[in-house]
Amino acid sequence: MVCDTAGGARGWRRATEEALYGPSGFYRRPEGPAGHFRTSVHASPLFAGAVARLLRLVDDALGHPPELAFVDMGAGRGELVTAVLSTLPPEVASRARGYAVERADRPAGLDHRIEWLPQQPPGVTGLLFANEWLDNVPLEVVEVDAHGVPRLVLVDADGTESLGEPVEGADAEWLARWWPLTDGSGGVRPAEGLRAEIGLPRDAAWASAVAGLGRGLAVAVDYGHGLGARPPFGTLTGFRDGRETAPVPDGSCDITAHVALDACALPGGRLLSQREALRALGVSGERPPLSLAATDPAAYVRALAGAGEAAELTARGGLGDFGWLLQPVGIPDPLASGEQPAAQRADALLVDVPHHEEQ
């Protein structure tokens, strides 16, 4: 599709790429993502602890290889990979190697065991974990015009939108398969103003990430929606200084959109909610027994604080509704418990999953 016009408007995919990852892009700013929004990684160390337990399960499934990789896709400033490595027991930590995949420069003082890379390392064995990575893979946005024709949405640097060419080719095929534009009224043509976000670049990014893993498990964690419940007007939005804002592709804010995780899923993949995944990894929001307060008050206070953090990570209508896409590569699914395949679980993903948590 053609992105540029005489007035400087471009498709959202190119505009987002430059706004987020260009020389002065949002993700190259010194404060990093944590300066603008709060993810599960920032909410509680319990999240990194759960990921570390998942890495140990992968290690068991792999038969304890000489080198166990933890690949943190979209690593921010290395918060998750640092915490995961520090949480591992000595026997596992001695074999573990961390890889932070991020386009920004390596932060000062980062653990020397962590390799900082602009691209995924090929052929490693272990756990690839992509926490809120796919939502920042740029994509095109389309909108139905007055004649019922889906057209590419163009955007200027100040966020002003206009409609461009009709959607064609592979993008049109993806829409027909994964995001049919209908208002549910049974009309002959889609209603004017309906919007969609073409997830084809994210499907390709995830397939490439999985293909780059030698053996182990690839996990994508993001807010998403399923085929039976796509949002009629899309989810594109921005974040700046801890607040949701209009998406303006000038480098001043994050630009993000929910992920069609069901479309990303490859054969053998499985979808579940963060609530289900974390509970399977031992994170529970249950309060400690009151009897502990009498026998060990300090332990009770610690347990109560931990329960509060766990409750936030697993809350309905909050972080607990994030989707986890698990893709085993050459091993059994370490969290398998009779769940249905990803394609059969798509409709269980919620549309109103939250964006990045405000600070």
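Student: In which helix is Leu57 found?
Tutor: This is a predicted model: local features need pLDDT of at least 70, side-chain atom pairs count only at pLDDT 80 or more, and totals for chains, interfaces and linings use all residues. Residues are numbered from 1 along each chain as its sequence is written, and side-chain values use heavy atoms, with hydrogens and water left out. Residues 45-62 form a helix (a DSSP run of H or I, at least four residues; strands are E runs of at least two, and both are numbered from the N terminus), and Leu57 is found in helix H3.

Student: Which residues does Leu57 contact, leaving aside its neighbours within four places in sequence?
Tutor: Leu57 has a relative accessible area of 32%, so it is partly exposed (between buried, under 20%, and exposed, over 50%, with a 1.4 Å probe and protein chains only). With those neighbours left aside, its contacts (heavy atoms within 4.5 Å) are Leu281, Pro334 and Leu335.

Student: Where do the buried residues of helix H6 lie when seen down its axis?
Tutor: In H6, residues 169-178, the buried residues are Asp171, Trp174, Leu175 and Trp178. They fall within an arc of 100 degrees, so they line one face of the helix.

Student: Which exposed residues does H6 carry on the face turned away from its buried side?
Tutor: The buried residues of H6 pack against strand S6 (140-144), strand S9 (195-198), helix H7 (200-211) and helix H8 (261-264). The face turned away from that buried side carries Glu173 and Ala176.

Note on methods
Arc of directions from axis to C-beta.
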